[in-house]
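Here are my comments on the model, set out as numbered points for reading beside the sequence and the coordinates.

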Amino acid sequence: RQHHMKGLGHAILTGQTLVGDNPFAVLLADDLCVGAEPGNGVLKQMSQLYNQFRCSIVAIQEVPADQTHKYGVIAGENMKDGLYRITDMVEKPAPEDAPSNLAIIGRYILTPDIFDIIKETPPGKNGEVQITDALLTQAKKGCVLAYKFDGQRFDCGSVDGFVKATNYVYENMYDQG
């Protein structure tokens, strides 16, 4: 349990005793992600990539340039369609400072070495320990991938996004007969 709001990096660090030396997933509750095909959700897609590459992976999506200030934004080398090796990351950049329009959304698969990196990561944007800063360090030491998943994301942290997600689930996932 995170007793003080000190950023996502700090929140992840509080789970170290539960995770131990295992890779793990982080799912942020304000993002609803739905795979394009039933049975092939975003985390399943990412897990398949993890099994292939054995490194940390973040889910990304393209966002309008004027929205980059809401996200961690990546730059990377395109490895194949929708898969990038991260070379840079910036937490909530102004549009003119964003390295791209590829925004990190609330799905991560992380390797356990991230805990030691987080412990050494000083507070960043807003005085919080940012997972983006720790992941950039990890990317410079080894490899962190960004994956443009096959599916749709709803931002349930806003009323508009929550309504869209609710309507989508109602229209697409429940038998209305």
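**Cores, aromatic pairs and strand pairing**

1. In this predicted model, the largest nonpolar core comprises 26 residues, and those making the most contacts inside it are Ile74, Leu110, Ile114, Ile131 and Leu135. Two or more residues each come from the strands β1 (24–27), β3 (56–62), β5 (83–91), β6 (102–110) and β7 (144–148), and likewise from the helices α4 (114–120) and α5 (131–141). The element that gives the most to this core is α5, with five residues.

2. Leucine 110 deserves a look of its own, since, leaving aside residues up to four places away in sequence, Leu110 touches Ile12, Pro23, Phe24, Val26, Ser56, Ile131 and Leu135. Separate from the core described above there is a second one, made of 18 residues, with Leu49, Cys55, Tyr147 and Phe149 among them.

3. The structure contains two aromatic pairs. In one of them, phenylalanine 24 and phenylalanine 115 have ring centres 5.2 Å apart and planes at 5°, and the pair is therefore stacked, the planes being under 30 degrees apart. Because phenylalanine 24 belongs to strand β1 and phenylalanine 115 to helix α4, this pair ties together parts that are 91 residues apart in sequence. Phenylalanine 24 has a relative accessibility of 12% and so counts as buried, and phenylalanine 115, with a relative accessible area of 1%, is buried as well.

4. The other pair, phenylalanine 154 with tyrosine 168, is tilted, with 5.1 Å from centre to centre and 45° between the planes. Phenylalanine 154 sits in strand β8 (residues 151–155) and tyrosine 168 in helix α6 (residues 159–173), so that the pair ties together parts 14 residues apart in sequence. As to exposure, phenylalanine 154 is buried, at a relative accessible area of 7%, whereas tyrosine 168, at 21%, is partly exposed, because the cut-off for buried is under 20%.

5. Strand β4 (residues 72–80) runs antiparallel to β5, and eight bridges join the two. Within this pairing, glycine 72 stands opposite glutamate 91 of β5. The hairpin formed by β4 and β5 has two residues between the strands, and there glycine 82 adopts a positive phi near 80°.

6. Which way does β4 run relative to β6, and how many bridges join them? The two strands are antiparallel and are joined by two bridges; valine 73 has alanine 103, in β6, as its bridge partner.

Methods. Residues are numbered from 1 along each chain as its sequence is written. This is a predicted model: local features need pLDDT of at least 70, side-chain atom pairs count only at pLDDT 80 or more; totals for chains, interfaces and linings use all residues. Side-chain values use heavy atoms; hydrogens and water are left out. A nonpolar core is a set of buried Ala, Val, Leu, Ile, Met, Phe, Trp, Tyr and Cys residues joined through side-chain atoms within 4.5 Å. Buried means under 20% relative accessible area, exposed over 50%, partly exposed in between (1.4 Å probe, protein chains only). Helices (H or I, at least four residues) and strands (E, at least two) are DSSP runs, numbered from the N terminus. Contact means heavy atoms within 4.5 Å. Rings of Phe, Tyr and Trp (its six-membered ring) pair if their centres lie within 6.5 Å; planes under 30 degrees apart count as stacked, over 60 as edge-to-face and the rest as tilted. Two strands pair if DSSP finds at least two bridges between them.
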